[in-house]
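Work through these exercises on the spaces inside and on a protein. Try each task before you read its solution.

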Amino acid sequence: MSQNSIHWFRKGLRLHDNPALIAALKDCRHIYPLFLLDPWYSTNTHIGINQWRFLMEALKDLDSNLKKLNSRLFVVSGPPTEVLPKLFEKWKITRLTFEVDTEPYSRSRDKEVMKLAKEYGVEAIPKISHTLHNIDRIIDENNGKTPLTYVRFQSVLKAIGPPKKPVPAPTKEDMKGVSTPFSEDHEEKFGIPTLEDLGLDTSSLGPDLFPGGEQEALRRLDEHMQRPGWVCKFEKPQTSPNALIPSTTVLSPYVRFGCLSARTFWWRLTDVYRGNKHSEPPVSLHGQLLWREFFYTTGVGIPNFNRMEGNANCVQVDWDNNPEHLAAWREARTGFPFIDAIMTQLRQEGWIHHLARHAVACFLTRGDLWISWEEGQKVFEELLLDADWSLNAGNWQWLSASAFFHQYFRVYSPVAFGKKTDKNGDYIKKYLPLLKKFPAEYIYEPWKAPRNIQERAGCIVGKDYPRPIVEHEVVHKKNIQRMKAAYAKRSPEDKPITKGVKRKAAPIKLVVEKKAKR
């Protein structure tokens, strides 16, 4: 029987390694590639202008790739549970396919959608391709417990084996006998909106350094894979947080939006590694993909993962509520040039190096300002192109020493850390041009410069650039003691969980993952 299929694009904004799309094409007569602008995201998440731009570019690229197959993308606004039933009837749909998404909202949404599909006689087919593995299977293989250390996680994966090989993108041959019915006014009815159409203020947009889309993702992947020596020697901690040109791949936004398949990335790396001496996880590029998988797993297995309260794996800390300090950090007005330069780059470009993230996250939380990691999580969710629910929550807990990492006495200096890789402060001069005339000896601590040097630099501290909002040498010592007290307060059952969290089967193990093949 020939099918009328909707393939519902969400995160997997690509044609390569898209098993759900391939499933949609099987015995298919009409295919409707669909993207829904779900209002839930704009009301319940902090999506910034750089992310919106990236998403619209990715959709344009996707539409362009579909056109090469004589198909088109249909963009529709509205809640999936309201929009999809209407489209089922209008297009006489018999099959709905989509990529599995493990975030809490996505799981509840997909459960509802699958229920609706059944009511309308539509076969729903979810497929796993956003992660390397079936996340539920990882937890099941660990005796139903969430692995909470990277080492334990690796041993579970060893038993499971390598990720599945990616599936090829559909070709014109695959599209023989399949058509996408669209009318002359398709653009008007189902076209990709502009940022202005979405009512977004584009005046703050910075340079478009990382354009969205599958073609750009694959181009960048190819570029890196053509440097086998660099790929094999890559060790994440050995890269520079303040290099003027990124010292890592910056493929994370493409993987986050699914413009690049994590499995494609994994197997391309495997090809480069084969027969060569190379770095190993956790510091290698394979290791970075496994960190992503690790936080996806903990995000599924730990209830209330993006909050402190009700999160059994998170230290309960009595953080301060200081809106002025939070705003100064967010708006690059802390008076510490290294921190302010990082936050400026983040706002302008939507990306910062992972060690730069470490520095500003530690500064906001346990290092200097003693403000909750949940507040930092919100800012990163808005400003990072690669803001990913699971990774964002997991990394903020790690860097605030609230979970996973417990050496709270190891604090990043907002002065000394940046100097290790950029003594002259070129990075600071790029993102804080106000300070570019300060000599290297004062660029990280302009408040220490004599008045005549400040005048010569054309920047008076306290007038043109803020004084430090805290005294690092004093507050970080005080905060170490506060962290020590927070750890000591916990009863034995609240100590850091290292053996894994046993989960309840029902709310986590949804039908979606059950239907998806392992």
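Ala, Val, Leu, Ile, Met, Phe, Trp, Tyr, Cys and Pro count as nonpolar, Asp, Glu, Lys and Arg as charged, and the others, Gly among them, as polar. The model is predicted: local features need pLDDT of at least 70, side-chain atom pairs count only at pLDDT 80 or more, and totals for chains, interfaces and linings use all residues. Numbering runs from 1 along each chain as its sequence is written, and side-chain values use heavy atoms, without hydrogens and water.

**Exercise 1.** Describe the largest pocket (an open set of points on a 1 Å grid over the protein atoms alone, with protein on both sides within 12 Å along at least five of seven lines).

*Solution.* Start with volume, the space filled by probe spheres set on the points, which are joined across faces, edges and corners. The largest pocket holds about 1400 Å³. Next, find its centre. Among the 47 lining residues (an atom within 4 Å of a point), Lys236, Gln288, His354, His358 and Asn395 are the closest to it. Last, sort the lining by class: 28 nonpolar, ten polar and nine charged.

**Exercise 2.** Which residues line the largest cavity (points where a 1.4 Å probe fits but cannot get out)?

*Solution.* First, count: the structure has five cavities of 30 Å³ or more. The largest cavity encloses about 60 Å³. Its lining is Asn50, Arg53, Phe54, Glu57, Pro207, Asp208, Leu209, Phe210, Glu349 and Leu385. Now sort them: five are nonpolar, one is polar and four are charged.
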